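The exercises below are meant to be worked through with the sequence and the coordinates side by side. Try each task before reading the solution that follows it.

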Amino acid sequence: MTIIDSHIFKVLSNNKDIADKLKQETKVNNHIPYEQVRNRECDFIVQYRFFSEEEGGRKTANPIQGYRSDFMYSGDENLKQLWMIWPEFLDNENNIILDKSIRVSTSGKAKMWILNETLYELHKDRIKIGLKGFFMEGPHKVAECEVIQVVTLSLVNVIK
């Protein structure tokens with residue numbers, strides 16, 4: 001919080017409701033759901049599992065919400081084609097994890113977001129329930145995943 005923000009916060013602290021809302025909105029550890037940011041639903045949902053360091057996975061702890069890995073379709077390893085399809089992690093009750101100060105689980109569910117919507121035509125023939133893929137950090141596979149639900153109607157309508 002800047003000095004000005006701090007001063008405004010002190011001035012408004014006499015009104016608890018306003019102060020609480022201001023504190024909530026300025027808290028840096030809050031994730032804003034992509035559905036709010038992108039004004040649409042996610043494209044599909046996966047079940048994921050991060051690889052251990054021994055399996056060639058991350059050398060650091062699991063990521064936090066807001067992690068922006070790339071996506072690779074299983075079977076495309078020789079092509080080395082990566083896609084900007086980002087995960088948004090869900091908790092055990094299928095709610096979006098909003099607290100960016102906690103690490104996500106080693107395995108669980110994530111909503112997946114195709115960032116470049118002009119590539120829907122390319123992805124719509126591939127995204128199907130049971131499809132396997134990977135979360136990628138550069139050339140490294142750090143997690144495996146499987147599509148468990150297709151959400152966006154532009155993808156659902158073409159799935160046979």
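**Exercise 1. Identify the residues with the most contacts inside the largest nonpolar core, and state which strands supply this core.**

Step 1. In this predicted model, the largest nonpolar core has 24 residues, and those with the most contacts inside it are F44, V46, Y48, F50, F89, M112 and F135.

Step 2. Assigning the core to elements shows that β1, β2, β3, β4 and β6 each supply at least two of its residues, while the largest share, 5 residues, comes from β6.

Step 3. Apart from this core lies another one of 7 residues, among them C42, I45, W86 and V151.

Step 4. As general background, nonpolar side chains in soluble globular proteins tend to be buried together.

**Exercise 2. Determine which residues F50 touches once residues up to four places away in sequence are left out, and find its bridge partner in β6.**

Step 1. With those sequence neighbours set aside, F50 touches R58, N62, P63, Y67, F89, V104, S105, T106, F135, V142 and A143.

Step 2. One of these residues, A143, is also the bridge partner of F50 in β6.

Step 3. For the chain as a whole, residues 24 or more positions apart account for 69% of the contacts with a separation of 6 or more.

**Exercise 3. Classify the ring pair of Y48 and F50, then that of F50 and F89, as stacked, tilted or edge-to-face.**

Step 1. A search of the whole structure finds 11 aromatic pairs, and a pair of aromatic rings is described by the distance of the centres and the angle of the planes.

Step 2. The cut-offs needed here are that ring centres lie within 6.5 Å, and that planes under 30 degrees apart count as stacked, over 60 as edge-to-face and the rest as tilted.

Step 3. For Y48 and F50 the centres are 5.5 Å apart and the planes stand at 75°, so this pair is edge-to-face; both Y48 and F50 are buried.

Step 4. For F50 and F89 the centres are 6.2 Å apart and the planes stand at 40°, so this pair is tilted.

Step 5. The pair of F50 and F89 links distant parts of the chain, with F50 in strand β1 and F89 in strand β3, 39 residues apart, and both of these residues are buried.

Step 6. Ring pairs link Y48, F50, Y67, F89 and F135 into a cluster.

**Exercise 4. Reconstruct the order of the strands in the sheet, and explain why β2 and β3 each have one side without a neighbour.**

Step 1. The protein chain has 5 helices and 6 strands, and from the N terminus on its elements run α-α-α-β-β-β-β-α-β-β-α.

Step 2. The 6 strands form an open sheet in the order β2-β5-β6-β1-β4-β3, with antiparallel pairing.

Step 3. Because β2 (70-73) and β3 (85-89) stand at the edges, each with a single partner strand, one side of each is left without a neighbour in the sheet; the twist averages 40° from one strand to the next.

Step 4. On one flank of β1 (residues 44-50), the antiparallel pairing with β4 (residues 107-114) runs over 6 bridges, and F44 stands opposite M112 in β4.

Step 5. Strand β1 is also joined to β6 by 7 bridges, again in the antiparallel sense.

Step 6. Strand β5 (residues 132-137) pairs with β6 over 6 bridges, with F134 having E144 as its bridge partner in β6.

**Exercise 5. Examine the positive phi values of G138, K80 and N94, and place each residue in its setting.**

Step 1. In the hairpin of β5 and β6, which has 2 residues between the strands, G138 takes a positive phi near 60°.

Step 2. Although K80 is not a glycine, it has a positive phi of about 55°; K80 lies in the loop between β2 and β3.

Step 3. N94, likewise a residue other than glycine, has a positive phi near 65° and is found in the loop between β3 and β4.

Step 4. In terms of accessibility, K80 is exposed, with a relative accessible area of 66%, whereas N94 is partly exposed, with a relative accessible area of 43%.

Key
Residues numbered from 1 in each chain as written. Predicted model: local features only at pLDDT ≥ 70, side-chain atom pairs only at ≥ 80, totals over all residues. Heavy atoms only, no water. Pairing = 2+ DSSP bridges. Axes fitted to C-alpha atoms, helices over the stretch in contact; angles between N-to-C directions. Contact = heavy atoms within 4.5 Å. Core = buried A, V, L, I, M, F, W, Y, C linked by side-chain atoms within 4.5 Å. Buried < 20%, exposed > 50% of the residue type's maximum accessible area, 1.4 Å probe, protein only. Phe/Tyr/Trp six-rings, centres within 6.5 Å; stacked < 30°, edge-to-face > 60°.
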